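Here are a few exercises on helix packing and charged pairs. Try each one with the model open before you read the solution.

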Amino acid sequence: MEKALGTALAPAPFAKRKVAARAALVDLKESSRFLLTECFRQFGIETVVTSAGSAERLRQEKFEACVISLTPGAEQVMDAARTSPSNSRLILYGLGGSAQEAMRFSKYGINAMFQEPLERPAAMKLVRATHMLVLHEFRRYARIPIMTEVTVVSQDGHRLTASSLEVSSGGMSLKSSEDMPAGTNVEIAFSLLTLPRVNVRGVVTWRKSKSFGIRFDASDDRRQKVKSWIDTYLES
């Protein structure tokens with residue numbers, strides 16, 4: 001199936017594929033650069049390798065995505081991207097580390113994580129799941145992948161800290177090793193880049209291994225702040 005898909009997407013002989021978007025690969029190992037270049041290329045996304053001067057390039061040049069290794073110095077590059085008028089809404093991928101480690105960078109709104117060691121099936125799956133956002137085909141994408149710290153408190157006072165996976169105007173999916181059974185009424189608190197910390201009531205609608213989903217309470221007007229943020233994010 002994947003081979004057939006790759007054949008179907010292959011350009012005609014001697015034809016040059018039109019580049020629809022660019023992704024900066026910041027301070028990545030050669031093997032990672034090669035693999036991610038192949039993954040993004042399948043969806044018409046050009047990769048640009050950067051190292052020294054990456055922060056300045058992200059302030060001055062327009063990119064639709066950025067993959068950055070979560071090593072010392074990453075904050076400077078992420079800050080340059082998020083404070084740049086042209087790149088503040090780019091899709092930001094982190095490489096390496098766990099979700100908990102990525103929370104150190106939560107204020108920069110990492111959208112998704114490539115795990116190390118980088119493997120082709122997992123990398124391709126992540127690019128396939130997010131490439132519509134990189135290409136700005138927002139009408140076909142109702143959920144925003146973004147990682148931020150979320151506090152979840154149930155009615156009986158049980159409190160846990162989770163990391164978000166995706167957010168929509170109707171709810172969120174979260175990752176946590178702690179249990180929160182389906183049907184539990186909760187109140188969650190989180191912030192999203194330009195959205196200050198917001199509290200919203202909801203209910204746990206599903207639970208899988210180390211992840212669960214929350215549907216926002218339709219009667220809680222505070223969820224409108226989340227909807228407004230998503231609308232702004234998609235229109236930027």
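A quick reminder before you start: this is a predicted model.

**Exercise 1. Count the salt bridges in the structure, then work out where Arg 143 and its partner Glu 166 sit in the chain**.

Solution. Start with the count: the structure holds 11 salt bridges. Now pick out the one between Arg 143 and Glu 166, where the closest N and O atoms are 3.2 Å apart. That fits under the 4 Å cut-off for a salt bridge. Next, place the two ends: Arg 143 is in the loop between α6 and β6, and Glu 166 is in strand β8 (residues 159-167). They are 23 residues apart, so the pair links distant parts of the chain. Last, check the surface: Arg 143 has 47% relative accessibility and therefore counts as partly exposed.

**Exercise 2. Trace the network of salt bridges that includes Arg 201 and Asp 220, and say which of its residues are buried or partly exposed**.

Solution. First, list the members: Glu 187, Arg 201, Asp 217, Asp 220 and Arg 222 are linked in this network. Then take one pair, Arg 201 and Asp 217, whose side chains meet at 3.3 Å, N to O. Arg 201 belongs to strand β11 (residues 195-208), while Asp 217 lies in the loop between β12 and α7, 16 residues apart. Arg 201 comes out at 34% relative accessibility, which means partly exposed, and Asp 217 at 26% is partly exposed too.

Now go to another pair, Asp 220 and Arg 222, with 2.9 Å from N to O. Asp 220 has a relative accessible area of 4%, so this residue is buried. Arg 222, at 27%, counts as partly exposed. The cut-off to keep in mind here is that buried means under 20%.

**Exercise 3. Describe how helix α2 packs on helix α6: what are the crossing angle and the residues that meet?**

Solution. Begin with the axes. Those of α2 (residues 30-41) and α6 (residues 120-134) come within 9 Å and cross at roughly 40 degrees. That angle makes α2 oblique to α6. As for handedness, the crossing is right-handed.

Then look at who touches whom. From α2 come Leu 35, Leu 36, Cys 39 and Phe 40, and they meet Arg 120, Ala 123, Met 124 and Val 127 of α6. Sort these by class and you get seven nonpolar, no polar and one charged residues in the contact. The charged one is Arg 120.

Key
Residues are numbered from 1 along each chain as its sequence is written. This is a predicted model: local features need pLDDT of at least 70, side-chain atom pairs count only at pLDDT 80 or more; totals for chains, interfaces and linings use all residues. Side-chain values use heavy atoms; hydrogens and water are left out. Axes are lines fitted to C-alpha atoms, for helices over the stretch in contact, and angles run from 0 to 180 degrees between N-to-C directions. Helices (H or I, at least four residues) and strands (E, at least two) are DSSP runs, numbered from the N terminus. Angles under 35 degrees count as roughly parallel, over 145 as roughly antiparallel, 65 to 115 as roughly perpendicular and the rest as oblique. A crossing is left-handed if the near helix is turned anticlockwise from the far one by less than a right angle, and right-handed if clockwise. Contact means heavy atoms within 4.5 Å. Buried means under 20% relative accessible area, exposed over 50%, partly exposed in between (1.4 Å probe, protein chains only).
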